[in-house]
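Hi,

Here is the structure I promised to pass on. My notes follow below it.

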Amino acid sequence: MVDPRLARVIDTRLLTYTVEQAAGLLGVSMGVAYQLVREGVIPAHRIGRRWLISRKALHAWLDNASVG
């Protein structure tokens, strides 16, 4: 059975992603994504109780992430 979270399509034209959307794009669990956000590894901004991740910042971070 296909995991319904994997079946969702994320619109990459959005200005920001939620942690859940970023986790889906990165292929990691939400727990790991939240940990990376809290540690400052993934660039994000806390607005109220929500974390928002800029699309440009996430893609730039991925482009500059070291492999290995």
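**What I found**

Of the 68 residues of the chain, 16% are buried (under 20% relative accessible area, 1.4 Å probe, protein chains only). This is a predicted model, so local features need pLDDT of at least 70 and side-chain atom pairs pLDDT 80 or more, while totals for chains, interfaces and linings use all residues. Numbering starts from 1 along each chain as its sequence is written, and side-chain values use heavy atoms, without hydrogens or water.

The chain has 4 helices and 3 strands (DSSP runs, H or I of at least four residues and E of at least two, numbered from the N terminus). Their order along the sequence is α-β-α-α-β-β-α.

Now the helix pair. H2 (residues 19-26) packs on H3 (residues 30-38) at about 110°, with the axes 9 Å apart (lines fitted to C-alpha atoms over the stretch in contact; angles run from 0 to 180 degrees between N-to-C directions). That makes H2 roughly perpendicular to H3 (65 to 115 degrees). On the H2 side, Val19, Glu20 and Ala23 make contact (heavy atoms within 4.5 Å) with Met30, Ala33, Tyr34 and Val37 of H3. These residues divide into 6 nonpolar, no polar and 1 charged.

Next, the core. The largest nonpolar core (buried nonpolar residues joined through side-chain atoms within 4.5 Å) has 10 residues, among them Tyr17, Ile42, Trp51 and Leu58. H2, H3 and strand E3 (50-54) each supply at least two. H2 gives the largest share, 3 residues. Beyond its neighbours within four places in sequence, Ala22 touches Tyr17, Ile53 and Leu58.

Best wishes

Conventions
Parallel < 35°, antiparallel > 145°, perpendicular 65-115°, else oblique. Nonpolar A, V, L, I, M, F, W, Y, C, P; charged D, E, K, R; others polar. Buried < 20%, exposed > 50% of the residue type's maximum accessible area, 1.4 Å probe, protein only.
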